[in-house]
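Could you walk me through this structure at an easy pace, strand by strand? I would like to know how the sheets are put together and what a few chosen residues are doing within them.

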Amino acid sequence: MMNRVDYKKVTFDAIYEENDRYIVSNHAFNGVLKINKLTNRAEFLFRFEDEESNQLALHNGILKYGIYLIFVPDNAKTLQVYDTESKKVSSYIICDNEKIRRRCISAIIFHEKLWLFFAYSEHPTIIFDLETFDKEEFWGISEVLPPDILERKKAPVFWTPLRSSGKKVYGVIWNAGYIVEVDVTHRNVNIFTVHAKMNKLTALACNGDDLWL
């Protein structure tokens, strides 16, 4: 006799809150659901046609830009843009090279540009124009990484989200003593070395004036 399994709970990494509902990308399978805040009941909305049905953790965030919901990739191969008016989903290839590790660690919208930051130095930062839907690769971070970080074979550069402050974005290099500063207006990248006793940084927060490590 087969055991019956009741799927009564929804797990998710990506969530967008709107009025009396949440929109979530399910962690356990390829599917977007609408959750009623009052009843906590979930309703299936759609799946992403260009992704595998049973892929875990497709997205790590959902951002709003105008009429669009931007599904930020985690393990997803594509960037998905959901038009809330037409109810249509458009998919965009992030990187044509499938041999490189593609773990997206953070996404930030500055004006009409979506910046996608990736965990490993072999993957460029992607700048995606949310008006024209054109993309470009930005290698500015990889070009200025310290030699000891470039020599890493398996360890990531970033493993926690980057934070924005005005026109600049900050992140810590995982398990090292460096802070990365990206000026998203002029596209300049600086690397700062922190005190020698703080050489195992894992995360960063920003309150507008100060960085908390």
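What follows is a tour of a predicted model, taken sheet by sheet with stops at single residues.

Let's begin with the N-terminal part of the tour. Here β1, β2, β3 and β4 make up an open sheet, lined up in that order with antiparallel pairing. At its edges sit β1 (12–18) and β4 (42–46), each of which pairs on one side only. From one strand to the next, the twist averages 30°. If you would like a general picture to keep in mind, strands of a sheet pair through backbone hydrogen bonds, in either a parallel or an antiparallel way.

Now look at the inner strands. Strand β2 (residues 21–26) and β3 are joined in the antiparallel sense by five bridges, and the two form a hairpin with five residues between them. You can locate this pairing by finding Arg21, whose bridge partner in β3 is Asn36. Moving on, strand β3 (residues 32–36) pairs with β4, again in the antiparallel sense, over four bridges. Two residue pairs are handy landmarks here: Lys34 has Glu43 as its bridge partner in β4, and Val32 has Phe46. The hairpin of β3 and β4 has five residues between the strands, and in it Asn40 takes a positive phi near 60°.

Before leaving this sheet, stop at Phe12, which belongs to strand β1. Is Phe12 buried, exposed or partly exposed? Its relative accessibility is 33%, so Phe12 counts as partly exposed. Setting aside residues up to four places away in sequence, Phe12 touches Val24, Ser25, His27 and Ile35. The C-alpha atoms of Phe12 and Ala28 are 7.7 Å apart, with 16 residues separating the two along the chain.

Next comes the middle of the chain, with β7 as our guide. This strand pairs with strand β8 (residues 88–93) in the antiparallel sense over six bridges. Together β7 and β8 form a hairpin with four residues between them, and Lys87 in the turn has a positive phi of about 65°.

Asp83 deserves a longer stop. You will find it in strand β7 (residues 78–83), where its bridge partner in β8 is Lys88. Which side chain of opposite charge is nearest to Asp83? It is Lys87, at 7.7 Å, and Asp83 is buried yet has no salt bridge. What the side chain of Asp83 does reach is backbone: the nitrogen of Glu85 is 2.8 Å away. The backbone nitrogen of Ser86 also lies 3.1 Å from a polar atom of the Asp83 side chain. Not counting residues up to four places away in sequence, Asp83 touches Ile67, Tyr68 and Lys88.

From Asp83 you can hop to Gly66, a residue in the loop between β5 (59–65) and β6. The two are 17 residues apart along the chain, and their C-alpha atoms are separated by 9.3 Å. While Asp83 is buried, Gly66 counts as exposed because its relative accessibility is 57%.

Another aspartate, Asp74, sits in the loop between β6 (68–73) and β7. Asp74 counts as buried because its relative accessibility is 5%. Which side chain makes a polar contact of 2.3 Å with that of Asp74? The partner is Arg103. The surroundings of Asp74 come from two stretches of the chain: leaving aside neighbours within four places in sequence, Asp74 is in contact with Ala57, Leu58, His59 and Asn60, and also with Arg102, Arg103 and Cys104.

Our last stop is another open sheet, made of four strands in the order β9-β10-β11-β12 with antiparallel pairing. Its edge strands are β9 (104–110) and β12 (135–138), each pairing on one side only. Neighbouring strands of this sheet are turned by 20° against each other on average, direction ignored. Inside the sheet, strand β10 (residues 113–118) and strand β11 (residues 125–129) pair in the antiparallel sense over four bridges. To find this pairing in the view, look for Lys113, whose bridge partner in β11 is Asp129.

Technical notes. Residues are numbered from 1 along each chain as its sequence is written. This is a predicted model: local features need pLDDT of at least 70, side-chain atom pairs count only at pLDDT 80 or more; totals for chains, interfaces and linings use all residues. Side-chain values use heavy atoms; hydrogens and water are left out. Buried means under 20% relative accessible area, exposed over 50%, partly exposed in between (1.4 Å probe, protein chains only). Lys and Arg count as positive and Asp and Glu as negative; His and the chain ends are not counted. A salt bridge is a side-chain nitrogen of Lys or Arg within 4 Å of a carboxyl oxygen of Asp or Glu. A polar contact is a pair of N or O atoms within 3.5 Å; within protein, one must be able to donate a hydrogen and the other to accept it, and residues adjacent in sequence count only if both atoms are side-chain atoms. Contact means heavy atoms within 4.5 Å. Two strands pair if DSSP finds at least two bridges between them. Axes are lines fitted to C-alpha atoms, for helices over the stretch in contact, and angles run from 0 to 180 degrees between N-to-C directions.
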